[in-house]
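Me: Here is a structure I'd like to go through slowly. Please tell me what each term means as it comes up.

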Number of protein chains: 2
Amino acid sequence: METVLRSASREVVISPQHPFCIIGERINPTGRKLFQEQLRRGDLSRIEIDVAQQLAGGAMVLDVNMGAPLADEAELMVAAVKLIQGLTDLPLCIDSSIVEVLDAGLAAYEGKALVNSVTAEDERLEAILPLVKKYGAAVIALPNDEKEIPEDPRQRLDLARKIIDVATGRFGIPAEDIVIDPLAMPVGADTSLVVKTMETISLLREEFGVNTTLGASNVSFGMPDRHAIGAAFLPMAIATGLTSAILDARAPQIVRAVQAADLLLDRDPWGASWIAAHRAAQAQAQQAQRAQEQAAT
Amino acid sequence: METVLRSASREVVISPQHPFCIIGERINPTGRKLFQEQLRRGDLSRIEIDVAQQLAGGAMVLDVNMGAPLADEAELMVAAVKLIQGLTDLPLCIDSSIVEVLDAGLAAYEGKALVNSVTAEDERLEAILPLVKKYGAAVIALPNDEKEIPEDPRQRLDLARKIIDVATGRFGIPAEDIVIDPLAMPVGADTSLVVKTMETISLLREEFGVNTTLGASNVSFGMPDRHAIGAAFLPMAIATGLTSAILDARAPQIVRAVQAADLLLDRDPWGASWIAAHRAAQAQAQQAQRAQEQAAT
C-alpha cells in the first residue's frame, strides 16, 4: 500500500517498497523556552534554522507543531506552513491536538499533507476525519481510545480496525491514506514494551497492509546512550514492517541506521544512496578540516 | 532450544531467551602477515593481546583458528587452546577446515566446545560429525553441499534438514548442539542477498527451532562505513531469530548494537546490562581523560 504525500512540486511515497520515510520532528516549540518566546513575539526565524538542519540531516517530510502556550496557535501554524513551503519542497505533516489549528494549517498548505493525528476516540474521529477528507490529506492514527492505551497488540489492532472502518466506511478516506502508529513505549519503563510495539507492527502489516509510523525517540526515553538504542530499534522495526518514523534528523547515527536498513532490505538499488551519503559525509569532513587548517594559519 | 557451551569452569548458553552470543573472531592469522610469521616461529604472544581485546570488547565465546601457511596447524591449535584456556574461562570455538586440526584441538580442550564447521557435503559430514559426537561438542553447520551454495532460502533449509537428520539420526548428536549458519552474503555484491539470509533465519527458527550463527562482517564486505552496516544488520537479524554471530568484538558500535537489541527484545532484565556497560564506558573515558591531563602537566 502506498501513502502518497505532496507539496506543490514534490511527491513522497511511504511504502515497504520505498526508502524508509524520515519525518523530521524538530519544528516544535515543546520544551524550548527561547523558541516559545520568539513565537509569541511573532519571530519565526528559528524555524528557518530547524528546517535547514532537518533537511541537511535527511528528513523527507517535516512535522510542524506550533504548540506554544499563550500564542495564537492557528495563526502561527498558517504563518509557519507558508514560511516553510517557501523554504523547501518537502511535504509537511501538520501536527496539533487542536482541531482549528489543523484546519487552518491544512487550508494554508499547498499539496497533500499528513495530519498528526487522530485516535480511536469517537469525538476525535468525528472532529478530525472530516478535515482529512475535506483537504484530501493522509492521517496518522493512534490506536488508543477514551478508556486506555492498550498494551496488548491484539487490542491495538482492534482499535486500528475501528479507525480504518470509520475512516474508509463513513468518511470515504482510502485505507492507503491512513498511517497507523503502533505506539512506541519507553523500554526503560518496562523492558517488554518494545516487543509489543514490534508485534503490533507485524500484525498491522499482516492484517491491513497499511503504512505505519511512530515517535522513534520514545523508545529510549529515560535510558543512557539514547542514540545507540534508536539506531538499533529502527532497523528491527523496519525489518518487521515499519514504513516511516517521526525523528530528529540531526542525529546522524540514527539516520545512518535507517539508510543501512534500506540498503540491507534491498530498497537502495546498487547501494547508490548509501555510497553517495558516505561520499557526502567524507567531503563535508574534508571541508571542515581545510577550514580549520586555514583558520590556524 | 538451548545450545550449552562450557569451558572448565564457565557455561555459556545460546538461545533466543538469553543475551545474544558474541563469538569473538580475531584469534586468526588469516590476512595478518606478522602474526603468521610469529606463529611459524612458535611465538604465541600475539594471541594474548587478541584474547584480551576480544574479552574487553564483550566476546562471550572465542573462535580460534590457527590456519597459517607452512605451519603445523594441529600443533599450533593444541598450543593455542591450552594457552587461551589458561588466560580466560570463556568457552572456545575450534575453527579449522582440516579434520586433524579439529581433532587435536578438541582433544586438548577442557569443556564442551563449538566446532567450526561442517557443511552438507557427504564427505564432510562423515569426517566431522564423528568428532563432534566423540568429544560431546556442538557444531556450526553451513547449508551448502558439493554442488552449490544455494541462494534460495528453501534450498538452504533443505540442506540444513539434511545435516540435522544425519547428525541426530546417524550420529546421535542432539539437535540443540547443531547451530546453523544461514549464510550471510555481501550486500555490495547483490542488494537482495541479505533479505535471503533473513528469510533463511526466519525459516530455520520456524521449522527446526535451532540456534543460528553467521559471520557478521560478510554482510558489509566491499561497502563503505562497514560498522554502520553491521550495527544495523545485527539488530534486524536478531529480531528475526538469529541467536549468535562471529564478529570482531573490538568494534564498539557493533557490540553496542547487539546489546541494544538484547535490551529492546526483553533479554536484559531491567536494562541492567545496558546501564552497566554505559557506566563502564563512562568510567573508562574519564580515566583516559585524567591520564591525558596528567601527561600534559
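Reply: Start with angles between axes: under 35 degrees counts as roughly parallel, over 145 as roughly antiparallel, 65 to 115 as roughly perpendicular, and the rest as oblique. The model is predicted, and local features need pLDDT of at least 70, side-chain atom pairs count only at pLDDT 80 or more, while totals for chains, interfaces and linings use all residues. Residues are numbered from 1 along each chain as its sequence is written, chains are lettered from A and ligands numbered from 1 in the order in which they are written, and side-chain values use heavy atoms, with hydrogens and water left out.

Me: Why are α2(B) and α3(B) called oblique to each other?

Reply: Helix α2 (residues 45-57) and helix α3 (residues 73-87) of chain B have axes that cross at roughly 45° and come within 10 Å. The axes are lines fitted to C-alpha atoms, for helices over the stretch in contact, with angles running from 0 to 180 degrees between N-to-C directions. An angle of roughly 45° falls in none of the named ranges, so α2(B) and α3(B) are oblique. The helices themselves are DSSP runs (H or I, at least four residues), strands are E runs of at least two, and both are numbered from the N terminus.

Me: Which hand does the crossing of α2(B) and α3(B) have?

Reply: α2(B) passes α3(B) in a right-handed crossing. That word is used if the near helix is turned clockwise from the far one by less than a right angle, and left-handed if anticlockwise.

Me: Which residues make the contact?

Reply: Contact means heavy atoms within 4.5 Å. From α2(B) come I47(B), E48(B) and V51(B), and from α3(B) come A80(B), L83(B), I84(B) and L87(B). By class, that contact has six nonpolar, no polar and one charged residues. Ala, Val, Leu, Ile, Met, Phe, Trp, Tyr, Cys and Pro count as nonpolar, Asp, Glu, Lys and Arg as charged, and the others, Gly among them, as polar.

Me: What makes α6(A) and α7(A) oblique to each other?

Reply: Helix α6 (residues 153-170) and helix α7 (residues 193-207) of chain A pack at about 45°, with axes 9 Å apart. That angle puts α6(A) and α7(A) in the oblique class, and their crossing is right-handed. Their contact has five nonpolar, two polar and six charged residues.

Me: How do you know that the length of α6(A) agrees with what it should span?

Reply: The expected span is 1.5 Å times one less than the number of residues. For the 18 residues of α6(A) that gives 26 Å, and the end C-alpha atoms are 25 Å apart, so the two agree. The buried residues of α6(A) include L157(A), A160(A), I163(A) and I164(A). The buried set packs against β6 (114-119), α5 (122-134), β7 (138-142), β8 (178-180) and α7 of chain A.

Me: Why is L183(A) called buried?

Reply: Buried means under 20% relative accessible area, exposed over 50%, and partly exposed in between (1.4 Å probe, protein chains only). L183(A) has 9%, so it is buried. It lies in the loop between β8 and α7 of chain A. Leaving aside neighbours within four places in sequence, L183(A) is in contact with L142(A), P143(A), I149(A), R156(A) and T197(A).

Me: Why does S220(A) count as buried?

Reply: Its relative accessibility is 4%, so S220(A) meets the cut-off. S220(A) sits in the loop between β9 (211-212) and α8 (226-240) of chain A. Beyond four places in sequence, it is in contact with R226(A) and I229(A).

Me: Why is D266(B) called partly exposed, and why is W270(B) called exposed?

Reply: D266(B) has a relative accessible area of 35%, so it is partly exposed. W270(B) has 77%, which makes it exposed. D266(B) is in the loop between α9 (252-264) and α10 (272-296) of chain B, and W270(B) is in the loop between α9 and α10 of chain B too. D266(B) has a positive phi of about 65° although it is not a glycine, and W270(B), also not a glycine, has a positive phi near 60°.

Me: What makes P130(B) partly exposed?

Reply: P130(B) has 32% relative accessible area, so it falls in the in-between class. P130(B) belongs to helix α5 (residues 122-134) of chain B. Not counting residues up to four places away in sequence, P130(B) touches L125(B) and F171(B).
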